[in-house]
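Reader: I'm new to this structure and would love a close look at a single part of it. Could you pick one spot and walk me outward from there?

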Amino acid sequence: MAWNSKGARGLRPLGTLPVAAAALTATVAVYITLVTFGNITDFGTNQQFVRHVLAMDTTFQDADLMWRAITSHTVQDLTYVAIVIWETLCACVLVAASVLWVRELLGARRSGRADYGPARRASTLGLLMLMLLFGLGFIAIGGEWFAMWQSAKWNGLQAALRNFTLAGTVLVLIHLPSPQWAHDGG
């Protein structure tokens, strides 16, 4: 099949930067939606994780660090609820961004023109929110302030770094300079 045949031309938009940005934004949206759903429906599992990290009860127990520990179950639980609320907001923003991507891609296909600005901005907001959660919340505060790196059992740094990297990679893709952001109908 020749690449310039009628059928191949119909597939050409699938290889564009806007389609890649839409697909990856939707992937992250589905992922964080499932994470949030899991944290709500299986509340106790990650509640225990947050409690142990904040209590620092599986760290090296260095007296110079233990003053940072938060042992109040009320404060620990409020922290966990705040995390779940933040995840929920991230999921909502990224789902909305995914809808904007699809709407604009379909509109561009019909009219030959597109304005990806709203989808890019919504994606940026949602991805940045995720990066703040995993970078600031889990890597910096959990990992360093509460010495999560010292725990063999309650160490979420690898998962946090994976999530931070995923969101960051999609964010960079969305901000790549490209003439494809100004859709030309092809």
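Author: **A spot in a loop**

With a relative accessibility of 11%, glutamine 150 counts as buried (buried is under 20% relative accessible area, exposed over 50%, partly exposed in between, with a 1.4 Å probe and protein chains only). Before we go on, please note that this is a predicted model, where local features need pLDDT of at least 70 and side-chain atom pairs count only at pLDDT 80 or more, while totals for chains, interfaces and linings use all residues. Residues are numbered from 1 along each chain as its sequence is written, and side-chain values use heavy atoms, with hydrogens and water left out.

Glutamine 150 sits in the loop between H6 and H7 (helices are DSSP runs of H or I with at least four residues, strands are runs of E with at least two, and both are numbered from the N terminus). Leaving aside residues up to four places away in sequence, glutamine 150 touches Thr58, Thr59, Phe60 and Leu65 (contact means heavy atoms within 4.5 Å).

One of those partners, phenylalanine 60, takes us to the aromatic rings. The whole structure holds eight aromatic pairs (ring centres within 6.5 Å, using the six-membered ring of Trp; planes under 30 degrees apart are stacked, over 60 edge-to-face, the rest tilted). Phenylalanine 60 and tryptophan 149 form an edge-to-face pair, because their ring centres are 5.7 Å apart and their planes stand at 85°. Phenylalanine 60 belongs to the loop between H3 and helix H4 (63-66), and tryptophan 149 to the loop between H6 and H7, so the pair ties together parts that are 89 residues apart in sequence. Phenylalanine 60 is exposed, at 56% relative accessible area, whereas tryptophan 149 is partly exposed, at 43%. A stacked pair is found between phenylalanine 134 and phenylalanine 138, with 5.4 Å from centre to centre and 25° between the planes. Both of these phenylalanines lie in helix H6, four residues apart, which is about one turn of the helix, and both are buried. Elsewhere, Trp101, Tyr116 and Trp181 make up one aromatic cluster.

Two other contacts of glutamine 150, Thr58 and Thr59, also appear around an enclosed space. The largest cavity has a volume of about 30 Å³ (on a 1 Å grid over the protein atoms alone, a cavity is a set of points where a 1.4 Å probe fits but cannot get out; points are joined across faces, edges and corners, and a volume is the space filled by probe spheres set on them). The count comes to one cavity of 30 Å³ or more. The residues that line the largest cavity (those with an atom within 4 Å of a point) are His52, Val53, Met56, Thr58, Thr59, Phe146, Met148, Ser151 and Trp154. Sorted by class, this lining has five nonpolar, four polar and no charged residues (nonpolar: Ala, Val, Leu, Ile, Met, Phe, Trp, Tyr, Cys and Pro; charged: Asp, Glu, Lys and Arg; polar: the others, Gly among them).

Val53 of that lining is also among the buried residues of H3, which are Gln47, Phe49, Val50, Arg51, Val53, Leu54 and Ala55. These buried residues pack against H4, H5 and H6. H3 has 13 residues that should span 18 Å at 1.5 Å a residue (1.5 Å times one less than the number of residues), and its end C-alpha atoms are indeed 18 Å apart. Methionine 56, another residue that lines the cavity, comes right after H3 and has a positive phi, near 55°.

H3 also takes part in an open space. The second largest pocket has a volume of about 330 Å³ (a pocket is an open set with protein on both sides within 12 Å along at least five of seven lines). It is lined by 16 residues, and the closest to its centre are Thr79, Ile83, Gly137, Phe138 and Ile141. Helix H3 (43-55), helix H5 (73-111) and helix H6 (117-145) each give two or more residues to this lining, and H6 gives the most, with seven. The lining has 13 nonpolar, three polar and no charged residues.

On the far side of the loop where we began comes H7, which also meets H2: the buried residues of H2 pack against H3, H5, H6 and helix H7 (157-174).
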